[in-house]
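Reader: Got a minute to walk me through this one? I'd like the quick bench version.

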Amino acid sequence: TRMKVDVKRLLIGGSILSLSAIVLGACGNSNDDAASSNGSAAESSAKVEGDIKLWVDTEHIDALQGQVDKFEKEYPDVKVTVAVGSSADAKADVSKDPEQAADVFMMPHDQVGQMAEAGLIYPIGDKQAATIKDTNVEAAVDAVTWKDKIYGYPYGVESQVLYYNTSTLTADDVKTWEGLTSAGKIGTNFAEDGANYIFGPLFMSNGNVLYGEDGEDINGTNFNNEAGVEVLQWIADQKNNSGVLQASESALSDLQSGKSDAFLSGPWSKNDVEKALGDNMGVAAYPTIDFGSGAKQMKAFLGVKLYAVNQQTEAPLAAMALAEYLSNQETQEIEFTENGVVPSNKDAQESDAVKADAVAKAVMEMSDAEHSVVMPKLPEMVSFWPPMDALINDTYKGQIKPDQFQDKLDKFVSDISKVTE
C-alpha cells in the first residue's frame, strides 16, 4: 500500500536501504573547505549560469515544472533538466557516481549526516543559511543541520497523526490513549516489521533520548533506565488491551469496515482515509499516554523533506539558487496544493489553504518538540531499526518477560552505541 511504501521509504527508507549500501568514508576537512568557499562564492556577485540537472520524485514533476520555468526566466543563463530520482534512494544513487548524479536533488533529512560525512553534499553559505533559519520552523532547521552547519533547503515537514472515525469517537476520546482504546479500537502495528517507526518514539515520550538531545551523540541513548522499563511494560500490556487491534496491511480496510475506529499514519494516507470514512474522517495530533507515572505526550518521529546540492556540481551558484527557489514560500504553497506536502516555511504554514486543512493542522501541531522527535541524522541510525523492531515485537508478543526488560534494554543500548566501521 501507499502507506507502507511511504513509511518505509520516504522517512526511514534511506536508513534501511543503507544497511546494504556501501558505507562511504568521511572526507576529512573537505566539507570545511567547501563551506568556506561556498559561503564566499554564493554571496559574491559572480554570474549565475550553467546547465544543471534536477532529480525529483515522480509525483512532484508536474507541480514543480512551472516553478522551474519561472526560475529559468529569472536566471536566463541557467538551463535546468528535470528528471525522475527517488528521494529515498538519494544517498545510494548519488554515491554511485557523484559526477554523473543530479546537481540538485530531493532527499529525506535522515540521510544528511551520512551524506555530509561522505562529502556528497554542499554545506550552505552564511547568507542562504540565515534565510533558511529565518523562514522555516525550528524543527526543519534542526533537521538540515549537521555538526553546526546547514546542508539542505527544507521544503516540507512530515509526521504521523491520528486518524479516527468521528461517528464512533469524539475529539475528547482521542486526547488520551486510555480514552481512545476504551471508547473504540485502534488498528496499529506492535507485532510486525515497521513497529520501530511507529512506537520507537515511546521511549522519548517518557523522557528518554535517542543519540543524545541533539541526535548526534553515538553514545547518548539512555533507554535502559526505569522510564524505559515502564515503556516495555506498557507495550506488553497492549496485548491484552481490548481497544488495540494488531493491524499492519489491513489498517485501512479495518477502518473502512468498522472493525477499527482509528489508526496512526501520515499525510500520505489522507486520500485513502477520506475514501474509507468520508465525512466521518477526523484528524488529531497524538494522544497522551500514561506509562505508569502520569500522562505523557505520545511522540512521533518528525521527517523533513529537503533539497540538497551535489558537492561535485560544476555550477554551484546555479544549483544553490535553484535549491533555494524550489524551497521558497511560493513553491511550498504549490507543493501543498498539488501534493499535500505540509510546508516547513513559517509564512506558508499561515496561508489560508494550509490552516484550513485538518491533516496539515495536525502535522503542524505534531512538528513541535512536545509532540515529535526530529529523526536523528547520525549515520549510525541504521543500527537502530532492526533491534528496535525486535524489542517491540517480542515484548508485545510476550516473548520478553518483565524480569528480562532491564537486560534487554541494556543490550539494545549497547548494540546501537557501537560505532560501525
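**Helices and a charged patch**

Author: Sure, starting with Thr181: threonine 181 sits in helix α9, residues 177-183 (helices are DSSP runs of H or I, at least four residues, numbered from the N terminus). This is a predicted model, where local features need pLDDT of at least 70, side-chain atom pairs count only at pLDDT 80 or more, and totals for chains, interfaces and linings use all residues. Residues are numbered from 1 along each chain as its sequence is written, and side-chain values use heavy atoms, leaving out hydrogens and water.

Reader: Is threonine 181 buried or exposed?

Author: Threonine 181 is buried, at 8% relative accessible area (buried is under 20%, exposed over 50%, partly exposed in between, with a 1.4 Å probe and protein chains only).

Reader: And which side chain does threonine 181 have a polar contact with?

Author: Asparagine 241, side chain to side chain at 3.3 Å. A polar contact is a pair of N or O atoms within 3.5 Å; within protein, one must be able to donate a hydrogen and the other to accept it, and residues adjacent in sequence count only if both atoms are side-chain atoms.

Reader: Switching topic: what caps the N-terminal end of α19?

Author: Aspartate 357, with a side-chain oxygen 3.1 Å from the backbone nitrogen of valine 359. Val359 is also one of the buried residues in α19, which covers 358-366.

Reader: Where's methionine 388?

Author: In helix α20, residues 385-396. Methionine 388 is buried, with a relative accessible area of 0%. Its C-alpha is 5.4 Å from that of asparagine 196, though the two are 192 residues apart in sequence.

Notes
Helices (H or I, at least four residues) and strands (E, at least two) are DSSP runs, numbered from the N terminus.
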